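Here is a short round of questions and answers on a protein structure. Take a look at it before reading on.

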Amino acid sequence: MKKNFFIIIFFIFFSFILPNKSHAYSSDPKQFIAEIVAEAKEILVETNSQEFKTKKLTEMALKIVDIKGIGYYTLGSYRKELSDDQKEEYSILFEQYFLKSFTSRLTDYSDPKIDVLGVEVLNPKYTIVKSLLLATNKKPAVKIDWRVYTKNPDKPLIRDIIIEGLSLARTQKEEFASVIESNNGDITKLFITLKEFVKK
Amino acid sequence: MVRKIIYISIFTFWLQTSLAIAGTTGSEELKDTSSQSATEECFEGFSRAMFELNYDLDRIIFQPVAKGYRALPAPIRKGTGNAINNLRSLLTLSNNILQGEFGRAGNNAARFGINSTAGILGIFDPASKLGFEDQGKEDFGQTIGVWGADSGCYFVLPIIGPTTARDAIGLVGNIFLDPVYHVTHNSEIHNGLVGNDNYSEHSYYYYRGTGAVDFRSKNIESFDSLERNAIDLYASVKSLYIQERNKKIANAQSLVGTQDASDWEEIDTN
(Lines give C-alpha, C1' and ligand atoms only; values in the text may rest on other atoms or scores of the structure.)
Protein backbone atom coordinates (compact mmCIF):
# COMPACT_ATOMS: atom_id res chain seq x y z
CA MET A 1 0.00 0.00 0.00
CA LYS A 2 2.81 2.32 0.98
CA LYS A 3 4.66 1.39 -2.21
CA ASN A 4 1.58 2.13 -4.36
CA PHE A 5 1.20 5.46 -2.61
CA PHE A 6 4.74 6.45 -3.58
CA ILE A 7 4.18 5.35 -7.15
CA ILE A 8 1.05 7.53 -7.33
CA ILE A 9 2.90 10.49 -5.82
CA PHE A 10 5.75 9.88 -8.31
CA PHE A 11 3.37 9.98 -11.30
CA ILE A 12 1.49 13.04 -10.02
CA PHE A 13 4.80 14.83 -9.54
CA PHE A 14 6.04 14.04 -13.07
CA SER A 15 2.66 14.79 -14.63
CA PHE A 16 3.27 18.39 -13.49
CA ILE A 17 6.96 18.46 -14.25
CA LEU A 18 6.98 16.94 -17.74
CA PRO A 19 4.56 19.32 -19.49
CA ASN A 20 6.39 22.23 -17.89
CA LYS A 21 9.68 20.86 -19.15
CA SER A 22 8.50 21.02 -22.77
CA HIS A 23 7.54 24.68 -22.30
CA ALA A 24 10.49 25.50 -20.12
CA TYR A 25 11.66 28.52 -22.05
CA SER A 26 10.56 32.06 -21.45
CA SER A 27 8.11 33.67 -23.89
CA ASP A 28 10.09 36.92 -23.71
CA PRO A 29 12.48 36.77 -26.71
CA LYS A 30 15.43 38.29 -24.84
CA GLN A 31 15.01 35.98 -21.88
CA PHE A 32 14.40 33.06 -24.27
CA ILE A 33 17.78 33.63 -25.93
CA ALA A 34 19.49 34.16 -22.58
CA GLU A 35 18.10 30.81 -21.41
CA ILE A 36 19.16 28.85 -24.47
CA VAL A 37 22.63 30.44 -24.42
CA ALA A 38 22.97 29.35 -20.80
CA GLU A 39 21.69 25.86 -21.60
CA ALA A 40 24.03 25.46 -24.58
CA LYS A 41 26.97 26.61 -22.48
CA GLU A 42 26.04 24.10 -19.79
CA ILE A 43 25.98 21.30 -22.37
CA LEU A 44 29.29 22.38 -23.91
CA VAL A 45 31.20 22.56 -20.64
CA GLU A 46 29.57 19.51 -19.04
CA THR A 47 31.65 16.89 -20.82
CA ASN A 48 34.23 16.34 -23.52
CA SER A 49 32.13 13.64 -25.14
CA GLN A 50 31.20 14.84 -28.63
CA GLU A 51 28.46 12.22 -28.77
CA PHE A 52 26.84 13.50 -25.58
CA LYS A 53 27.09 17.13 -26.69
CA THR A 54 25.59 16.31 -30.08
CA LYS A 55 22.70 14.40 -28.48
CA LYS A 56 21.88 17.18 -26.02
CA LEU A 57 22.24 19.96 -28.58
CA THR A 58 20.01 18.05 -30.99
CA GLU A 59 17.31 17.73 -28.33
CA MET A 60 17.61 21.42 -27.58
CA ALA A 61 17.49 22.44 -31.26
CA LEU A 62 14.30 20.45 -31.84
CA LYS A 63 12.62 22.52 -29.11
CA ILE A 64 13.92 26.00 -29.87
CA VAL A 65 14.47 26.21 -33.64
CA ASP A 66 11.75 26.38 -36.31
CA ILE A 67 13.55 23.84 -38.48
CA LYS A 68 10.61 23.31 -40.81
CA GLY A 69 10.25 27.06 -41.38
CA ILE A 70 13.97 27.49 -42.05
CA GLY A 71 13.82 24.54 -44.43
CA TYR A 72 11.09 26.17 -46.51
CA TYR A 73 12.84 29.53 -46.43
CA THR A 74 16.10 27.89 -47.52
CA LEU A 75 14.41 26.28 -50.50
CA GLY A 76 13.06 29.65 -51.63
CA SER A 77 10.65 29.63 -54.53
CA TYR A 78 11.70 26.07 -55.43
CA ARG A 79 9.40 24.83 -52.68
CA LYS A 80 6.43 25.68 -54.93
CA GLU A 81 7.64 23.09 -57.41
CA LEU A 82 7.64 20.22 -54.91
CA SER A 83 4.96 17.54 -54.77
CA ASP A 84 3.55 16.64 -51.36
CA ASP A 85 5.73 13.54 -51.22
CA GLN A 86 8.81 15.58 -52.10
CA LYS A 87 7.90 18.14 -49.43
CA GLU A 88 7.74 15.38 -46.87
CA GLU A 89 11.05 13.91 -48.02
CA TYR A 90 12.67 17.36 -48.07
CA SER A 91 11.46 18.19 -44.53
CA ILE A 92 12.99 14.98 -43.16
CA LEU A 93 16.25 15.47 -45.04
CA PHE A 94 16.51 19.13 -44.12
CA GLU A 95 16.00 18.37 -40.44
CA GLN A 96 18.82 15.81 -40.51
CA TYR A 97 21.06 18.22 -42.43
CA PHE A 98 20.23 21.14 -40.14
CA LEU A 99 20.79 19.23 -36.91
CA LYS A 100 24.14 17.92 -38.09
CA SER A 101 25.26 21.36 -39.23
CA PHE A 102 23.89 23.10 -36.10
CA THR A 103 25.55 20.75 -33.63
CA SER A 104 28.81 20.72 -35.58
CA ARG A 105 29.00 24.53 -35.49
CA LEU A 106 28.20 24.71 -31.78
CA THR A 107 30.56 21.98 -30.62
CA ASP A 108 33.42 24.12 -31.97
CA TYR A 109 32.96 26.23 -28.86
CA SER A 110 34.12 24.69 -25.59
CA ASP A 111 33.14 27.50 -23.23
CA PRO A 112 31.38 30.32 -25.04
CA LYS A 113 30.70 33.52 -23.14
CA ILE A 114 27.76 35.32 -24.68
CA ASP A 115 26.19 38.51 -23.36
CA VAL A 116 22.60 39.14 -24.43
CA LEU A 117 22.48 42.88 -25.06
CA GLY A 118 19.05 43.95 -26.28
CA VAL A 119 16.12 43.47 -28.62
CA GLU A 120 14.68 45.08 -31.72
CA VAL A 121 11.03 44.26 -32.41
CA LEU A 122 10.63 44.20 -36.20
CA ASN A 123 6.91 43.39 -36.23
CA PRO A 124 4.53 41.13 -34.29
CA LYS A 125 6.07 38.07 -35.98
CA TYR A 126 9.76 38.84 -35.61
CA THR A 127 12.10 40.12 -32.96
CA ILE A 128 15.84 40.42 -33.31
CA VAL A 129 17.76 39.65 -30.11
CA LYS A 130 21.27 41.14 -30.09
CA SER A 131 24.13 39.44 -28.33
CA LEU A 132 27.92 39.44 -28.20
CA LEU A 133 30.25 36.44 -28.09
CA LEU A 134 33.06 37.80 -25.98
CA ALA A 135 36.63 37.91 -27.28
CA THR A 136 39.21 35.33 -26.26
CA ASN A 137 42.99 35.35 -26.64
CA LYS A 138 42.60 33.73 -30.04
CA LYS A 139 39.42 35.20 -31.42
CA PRO A 140 37.95 38.69 -31.53
CA ALA A 141 34.48 39.44 -30.14
CA VAL A 142 31.63 38.45 -32.47
CA LYS A 143 28.21 40.09 -32.73
CA ILE A 144 25.44 37.51 -32.93
CA ASP A 145 21.85 38.49 -33.69
CA TRP A 146 19.01 35.99 -33.39
CA ARG A 147 15.90 36.25 -35.56
CA VAL A 148 13.14 35.04 -33.25
CA TYR A 149 9.77 34.06 -34.71
CA THR A 150 7.10 35.31 -32.32
CA LYS A 151 3.88 34.56 -34.19
CA ASN A 152 2.92 32.37 -31.27
CA PRO A 153 3.94 34.72 -28.46
CA ASP A 154 3.94 31.90 -25.92
CA LYS A 155 6.40 29.79 -27.88
CA PRO A 156 9.13 31.81 -29.58
CA LEU A 157 11.34 29.95 -32.05
CA ILE A 158 14.68 30.78 -33.66
CA ARG A 159 14.59 31.22 -37.42
CA ASP A 160 18.00 32.65 -38.18
CA ILE A 161 21.35 33.41 -36.61
CA ILE A 162 23.07 36.51 -37.95
CA ILE A 163 26.81 36.57 -37.26
CA GLU A 164 28.47 39.97 -37.70
CA GLY A 165 25.58 40.93 -39.96
CA LEU A 166 25.80 37.79 -42.10
CA SER A 167 22.70 35.63 -42.14
CA LEU A 168 23.26 31.88 -41.90
CA ALA A 169 19.80 31.17 -43.33
CA ARG A 170 20.42 33.39 -46.35
CA THR A 171 23.82 31.81 -46.94
CA GLN A 172 22.21 28.38 -46.79
CA LYS A 173 19.46 29.49 -49.14
CA GLU A 174 21.92 30.75 -51.74
CA GLU A 175 23.98 27.59 -51.36
CA PHE A 176 20.92 25.39 -51.99
CA ALA A 177 19.95 27.52 -54.99
CA SER A 178 23.46 27.11 -56.39
CA VAL A 179 23.29 23.32 -56.09
CA ILE A 180 19.91 23.25 -57.86
CA GLU A 181 20.95 25.69 -60.59
CA SER A 182 24.20 23.91 -61.32
CA ASN A 183 22.12 20.76 -61.89
CA ASN A 184 19.79 22.44 -64.40
CA GLY A 185 17.03 22.99 -61.86
CA ASP A 186 16.85 19.32 -60.83
CA ILE A 187 15.80 19.46 -57.19
CA THR A 188 16.39 15.76 -56.63
CA LYS A 189 20.13 16.46 -56.97
CA LEU A 190 19.80 18.66 -53.88
CA PHE A 191 18.21 15.76 -52.04
CA ILE A 192 21.17 13.55 -53.03
CA THR A 193 23.64 16.22 -51.86
CA LEU A 194 21.85 16.53 -48.52
CA LYS A 195 21.87 12.75 -48.06
CA GLU A 196 25.62 12.68 -48.75
CA PHE A 197 26.17 15.50 -46.26
CA VAL A 198 24.20 13.69 -43.54
CA LYS A 199 26.12 10.45 -44.16
CA LYS A 200 29.65 11.89 -44.12
CA MET B 1 51.98 51.41 -64.57
CA VAL B 2 49.42 54.04 -65.59
CA ARG B 3 48.72 52.09 -68.77
CA LYS B 4 48.17 48.95 -66.69
CA ILE B 5 45.66 50.78 -64.51
CA ILE B 6 43.79 52.04 -67.59
CA TYR B 7 43.60 48.50 -69.02
CA ILE B 8 42.31 47.12 -65.72
CA SER B 9 39.74 49.93 -65.52
CA ILE B 10 38.44 49.19 -69.02
CA PHE B 11 38.28 45.48 -68.25
CA THR B 12 36.37 45.97 -65.01
CA PHE B 13 34.01 48.46 -66.67
CA TRP B 14 33.24 45.78 -69.24
CA LEU B 15 32.56 43.31 -66.43
CA GLN B 16 30.12 45.69 -64.80
CA THR B 17 28.15 46.19 -68.00
CA SER B 18 28.01 42.43 -68.51
CA LEU B 19 25.47 42.22 -65.67
CA ALA B 20 22.91 44.01 -67.81
CA ILE B 21 23.69 41.69 -70.70
CA ALA B 22 23.33 38.61 -68.46
CA GLY B 23 19.94 39.82 -67.30
CA THR B 24 18.54 39.79 -70.83
CA THR B 25 19.65 36.32 -71.84
CA GLY B 26 19.28 32.79 -70.54
CA SER B 27 19.58 33.79 -66.91
CA GLU B 28 16.04 35.17 -66.89
CA GLU B 29 14.62 31.78 -66.07
CA LEU B 30 17.03 31.29 -63.20
CA LYS B 31 16.24 34.74 -61.87
CA ASP B 32 12.61 33.77 -61.50
CA THR B 33 13.38 30.78 -59.39
CA SER B 34 16.42 31.79 -57.45
CA SER B 35 17.01 34.07 -54.52
CA GLN B 36 15.81 37.56 -55.26
CA SER B 37 19.11 39.19 -54.39
CA ALA B 38 21.39 36.68 -56.10
CA THR B 39 24.28 38.35 -57.87
CA GLU B 40 24.94 37.09 -61.38
CA GLU B 41 28.16 35.30 -62.24
CA CYS B 42 30.57 36.82 -64.77
CA PHE B 43 32.14 33.52 -65.77
CA GLU B 44 31.38 30.84 -63.20
CA GLY B 45 33.64 28.13 -64.63
CA PHE B 46 36.70 30.38 -64.43
CA SER B 47 35.69 31.61 -60.97
CA ARG B 48 35.25 28.10 -59.61
CA ALA B 49 38.68 27.17 -60.97
CA MET B 50 40.24 30.25 -59.33
CA PHE B 51 38.39 29.41 -56.13
CA GLU B 52 39.96 25.94 -56.15
CA LEU B 53 43.37 27.47 -56.78
CA ASN B 54 42.95 29.92 -53.90
CA TYR B 55 41.68 27.14 -51.67
CA ASP B 56 44.80 25.05 -52.39
CA LEU B 57 47.08 28.05 -51.87
CA ASP B 58 45.34 28.70 -48.58
CA ARG B 59 45.87 25.13 -47.40
CA ILE B 60 49.51 25.06 -48.50
CA ILE B 61 50.64 28.59 -47.61
CA PHE B 62 48.22 31.00 -45.95
CA GLN B 63 46.66 28.75 -43.32
CA PRO B 64 49.99 27.37 -42.02
CA VAL B 65 51.43 30.91 -41.90
CA ALA B 66 48.30 32.11 -40.07
CA LYS B 67 48.62 29.27 -37.57
CA GLY B 68 52.27 30.15 -37.01
CA TYR B 69 51.33 33.78 -36.53
CA ARG B 70 48.74 32.76 -33.98
CA ALA B 71 51.44 31.00 -31.96
CA LEU B 72 52.95 34.43 -31.25
CA PRO B 73 52.07 35.99 -27.88
CA ALA B 74 48.68 37.74 -27.89
CA PRO B 75 50.10 41.25 -27.18
CA ILE B 76 52.37 41.00 -30.25
CA ARG B 77 49.47 39.94 -32.46
CA LYS B 78 47.23 42.64 -31.05
CA GLY B 79 49.90 45.30 -31.55
CA THR B 80 50.56 44.15 -35.11
CA GLY B 81 46.84 44.14 -35.91
CA ASN B 82 46.47 47.62 -34.41
CA ALA B 83 49.42 49.02 -36.40
CA ILE B 84 48.09 47.57 -39.66
CA ASN B 85 44.61 48.93 -38.92
CA ASN B 86 46.12 52.33 -38.16
CA LEU B 87 47.78 52.49 -41.58
CA ARG B 88 44.64 51.12 -43.24
CA SER B 89 42.59 53.92 -41.67
CA LEU B 90 44.18 56.35 -44.14
CA LEU B 91 42.44 54.65 -47.05
CA THR B 92 39.24 54.67 -45.00
CA LEU B 93 39.69 58.39 -44.35
CA SER B 94 40.01 59.15 -48.10
CA ASN B 95 36.83 57.20 -48.77
CA ASN B 96 34.96 58.77 -45.85
CA ILE B 97 35.52 62.14 -47.52
CA LEU B 98 34.46 60.87 -50.96
CA GLN B 99 31.28 59.45 -49.43
CA GLY B 100 30.51 62.75 -47.71
CA GLU B 101 30.86 61.10 -44.30
CA PHE B 102 32.69 64.02 -42.74
CA GLY B 103 31.91 63.00 -39.16
CA ARG B 104 33.50 59.60 -39.73
CA ALA B 105 36.40 61.26 -41.56
CA GLY B 106 37.03 63.48 -38.51
CA ASN B 107 36.82 60.47 -36.22
CA ASN B 108 39.33 58.56 -38.36
CA ALA B 109 41.70 61.52 -38.62
CA ALA B 110 41.62 61.89 -34.84
CA ARG B 111 42.18 58.16 -34.38
CA PHE B 112 45.14 58.20 -36.75
CA GLY B 113 46.69 61.23 -35.08
CA ILE B 114 46.28 59.89 -31.54
CA ASN B 115 47.24 56.29 -32.27
CA SER B 116 50.28 57.24 -34.40
CA THR B 117 51.68 59.41 -31.61
CA ALA B 118 50.39 58.43 -28.16
CA GLY B 119 49.75 54.91 -29.45
CA ILE B 120 53.37 54.56 -30.70
CA LEU B 121 52.94 54.14 -34.47
CA GLY B 122 49.54 52.60 -33.98
CA ILE B 123 50.68 49.65 -31.86
CA PHE B 124 48.28 50.73 -29.11
CA ASP B 125 44.78 52.12 -29.47
CA PRO B 126 44.37 54.94 -26.93
CA ALA B 127 41.93 56.68 -29.32
CA SER B 128 39.18 54.18 -28.51
CA LYS B 129 39.57 54.92 -24.81
CA LEU B 130 39.20 58.61 -25.58
CA GLY B 131 35.87 57.98 -27.33
CA PHE B 132 37.10 57.78 -30.94
CA GLU B 133 35.80 54.29 -31.67
CA ASP B 134 36.76 52.33 -34.76
CA GLN B 135 33.83 52.74 -37.15
CA GLY B 136 34.87 50.16 -39.71
CA LYS B 137 36.90 50.10 -42.89
CA GLU B 138 35.98 51.78 -46.17
CA ASP B 139 37.38 51.28 -49.65
CA PHE B 140 36.73 52.68 -53.09
CA GLY B 141 34.43 49.79 -54.03
CA GLN B 142 32.19 50.81 -51.13
CA THR B 143 32.44 54.45 -52.16
CA ILE B 144 31.17 53.84 -55.68
CA GLY B 145 28.49 51.60 -54.13
CA VAL B 146 27.42 54.55 -51.98
CA TRP B 147 27.40 56.69 -55.12
CA GLY B 148 24.83 54.26 -56.54
CA ALA B 149 26.85 51.81 -58.64
CA ASP B 150 25.39 48.33 -58.83
CA SER B 151 27.66 45.48 -57.75
CA GLY B 152 27.92 44.12 -61.29
CA CYS B 153 28.66 40.48 -61.78
CA TYR B 154 30.63 38.30 -59.37
CA PHE B 155 33.92 36.56 -60.02
CA VAL B 156 36.97 35.22 -58.21
CA LEU B 157 40.50 36.50 -58.79
CA PRO B 158 43.61 34.45 -58.13
CA ILE B 159 45.05 35.22 -54.65
CA ILE B 160 42.83 38.32 -54.18
CA GLY B 161 39.71 36.15 -53.96
CA PRO B 162 36.01 37.01 -54.37
CA THR B 163 35.06 40.30 -55.96
CA THR B 164 32.48 41.94 -58.18
CA ALA B 165 32.86 44.23 -61.17
CA ARG B 166 32.28 47.23 -58.91
CA ASP B 167 34.78 46.04 -56.32
CA ALA B 168 37.37 45.30 -59.00
CA ILE B 169 37.12 48.93 -60.09
CA GLY B 170 37.43 49.75 -56.41
CA LEU B 171 40.70 47.84 -56.21
CA VAL B 172 42.13 50.09 -58.91
CA GLY B 173 40.71 53.17 -57.17
CA ASN B 174 42.31 52.13 -53.90
CA ILE B 175 45.73 52.44 -55.52
CA PHE B 176 45.06 56.12 -56.25
CA LEU B 177 43.51 56.81 -52.87
CA ASP B 178 45.74 54.92 -50.44
CA PRO B 179 48.41 57.27 -49.02
CA VAL B 180 50.38 54.24 -47.81
CA TYR B 181 50.72 53.05 -51.39
CA HIS B 182 51.97 56.45 -52.56
CA VAL B 183 54.49 56.77 -49.76
CA THR B 184 55.88 53.27 -50.14
CA HIS B 185 55.86 52.96 -53.93
CA ASN B 186 58.93 54.57 -55.36
CA SER B 187 58.49 53.14 -58.82
CA GLU B 188 56.61 56.19 -60.01
CA ILE B 189 59.29 58.72 -59.10
CA HIS B 190 60.89 58.48 -62.49
CA ASN B 191 57.60 59.34 -64.11
CA GLY B 192 57.36 62.40 -61.91
CA LEU B 193 54.18 61.17 -60.26
CA VAL B 194 54.40 59.96 -56.69
CA GLY B 195 56.68 57.96 -54.44
CA ASN B 196 59.31 58.16 -51.78
CA ASP B 197 62.93 57.12 -52.12
CA ASN B 198 63.17 56.28 -48.42
CA TYR B 199 60.91 53.23 -48.61
CA SER B 200 61.17 50.07 -50.59
CA GLU B 201 58.32 49.26 -52.95
CA HIS B 202 58.02 45.97 -51.11
CA SER B 203 56.98 47.74 -47.92
CA TYR B 204 53.46 48.11 -49.29
CA TYR B 205 53.19 44.39 -50.01
CA TYR B 206 54.57 43.48 -46.57
CA TYR B 207 51.93 45.74 -45.05
CA ARG B 208 49.11 44.19 -47.11
CA GLY B 209 50.44 40.66 -46.57
CA THR B 210 50.66 41.11 -42.81
CA GLY B 211 47.11 42.44 -42.78
CA ALA B 212 45.94 39.34 -44.66
CA VAL B 213 47.75 36.98 -42.27
CA ASP B 214 46.31 38.84 -39.26
CA PHE B 215 42.79 38.51 -40.72
CA ARG B 216 43.28 34.83 -41.59
CA SER B 217 44.60 34.02 -38.12
CA LYS B 218 41.50 35.54 -36.52
CA ASN B 219 39.26 33.36 -38.68
CA ILE B 220 40.89 29.93 -38.68
CA GLU B 221 38.00 28.21 -36.87
CA SER B 222 35.34 30.15 -38.77
CA PHE B 223 36.78 29.07 -42.13
CA ASP B 224 37.11 25.46 -40.97
CA SER B 225 33.52 25.46 -39.72
CA LEU B 226 32.28 26.99 -42.97
CA GLU B 227 34.11 24.38 -44.99
CA ARG B 228 32.88 21.50 -42.85
CA ASN B 229 29.25 22.56 -42.99
CA ALA B 230 28.95 23.67 -46.60
CA ILE B 231 27.32 21.62 -49.31
CA ASP B 232 28.70 24.07 -51.91
CA LEU B 233 31.59 26.02 -50.41
CA TYR B 234 31.95 28.26 -53.47
CA ALA B 235 28.30 29.37 -53.15
CA SER B 236 28.65 29.89 -49.39
CA VAL B 237 31.67 32.15 -49.80
CA LYS B 238 29.93 34.08 -52.57
CA SER B 239 26.84 34.62 -50.41
CA LEU B 240 28.90 35.76 -47.43
CA TYR B 241 30.98 38.10 -49.60
CA ILE B 242 27.92 39.77 -51.16
CA GLN B 243 26.18 40.10 -47.77
CA GLU B 244 29.30 41.61 -46.21
CA ARG B 245 29.73 44.14 -49.02
CA ASN B 246 26.06 45.16 -48.90
CA LYS B 247 26.30 45.62 -45.15
CA LYS B 248 29.43 47.73 -45.46
CA ILE B 249 28.00 49.93 -48.20
CA ALA B 250 24.93 50.60 -46.07
CA ASN B 251 27.19 51.15 -43.02
CA ALA B 252 24.73 48.88 -41.22
CA GLN B 253 25.42 46.86 -38.11
CA SER B 254 23.26 43.95 -39.19
CA LEU B 255 21.28 42.49 -42.03
CA VAL B 256 18.03 43.87 -40.72
CA GLY B 257 18.90 47.24 -42.13
CA THR B 258 20.33 46.03 -45.43
CA GLN B 259 18.20 43.21 -46.73
CA ASP B 260 14.63 42.74 -47.66
CA ALA B 261 13.30 40.09 -45.28
CA SER B 262 9.94 39.80 -47.03
CA ASP B 263 10.81 36.28 -48.19
CA TRP B 264 10.41 35.21 -44.56
CA GLU B 265 6.87 36.53 -44.47
CA GLU B 266 5.23 33.79 -46.50
CA ILE B 267 6.67 30.99 -44.35
CA ASP B 268 4.17 30.12 -41.66
CA THR B 269 4.60 26.88 -39.80
CA ASN B 270 3.14 27.41 -36.36
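Q: Which residues does the disulfide in this predicted model join?
A: The structure holds one disulfide over all chains. Its S to S distance is 1.9 Å, and a disulfide needs the sulfur atoms within 2.5 Å. The link is right-handed, with 90° about the S-S bond. The pair is B:Cys42 and B:Cys153.

Q: How many residues apart are B:Cys42 and B:Cys153?
A: B:Cys42 sits in the loop between helix H2 (27–33) and helix H3 (44–70) of chain B. B:Cys153 lies in the loop between helix H7 (140–146) and strand E1 (154–157) of chain B. The disulfide therefore links distant parts of the chain, 111 residues apart.

Q: Is B:Cys153 buried or exposed?
A: Buried means under 20% relative accessible area. B:Cys153 has a relative accessible area of 1%, so B:Cys153 counts as buried.

Q: How much area do chain A and chain B bury between them?
A: The size of an interface is often given as the accessible area lost when the parts come together. Here 58 residues of chain A are in contact with 42 residues of chain B. Carbon and sulfur atoms carry 49% of the buried area. The total is about 4200 Å².

Q: Which helix of chain A gives the most to the side that touches chain B?
A: The rule finds zero salt bridges across this interface. The count of residue pairs in polar contact is 11. With 10 residues, the top contributor on the chain A side is helix H6 (residues 168–181).

Notes: Residues numbered from 1 in each chain as written. Chains lettered and ligands numbered in written order. Predicted model: local features only at pLDDT ≥ 70, side-chain atom pairs only at ≥ 80, totals over all residues. Heavy atoms only, no water. Helix = DSSP H or I, 4+ residues; strand = E, 2+ residues; numbered from the N terminus. Buried < 20%, exposed > 50% of the residue type's maximum accessible area, 1.4 Å probe, protein only. Contact = heavy atoms within 4.5 Å. Buried area = accessible area lost by both parts, 1.4 Å probe. Salt bridge = Lys/Arg side-chain N within 4 Å of Asp/Glu carboxyl O. Polar contact = N/O pair within 3.5 Å; in protein donor to acceptor, adjacent residues only side chain to side chain.
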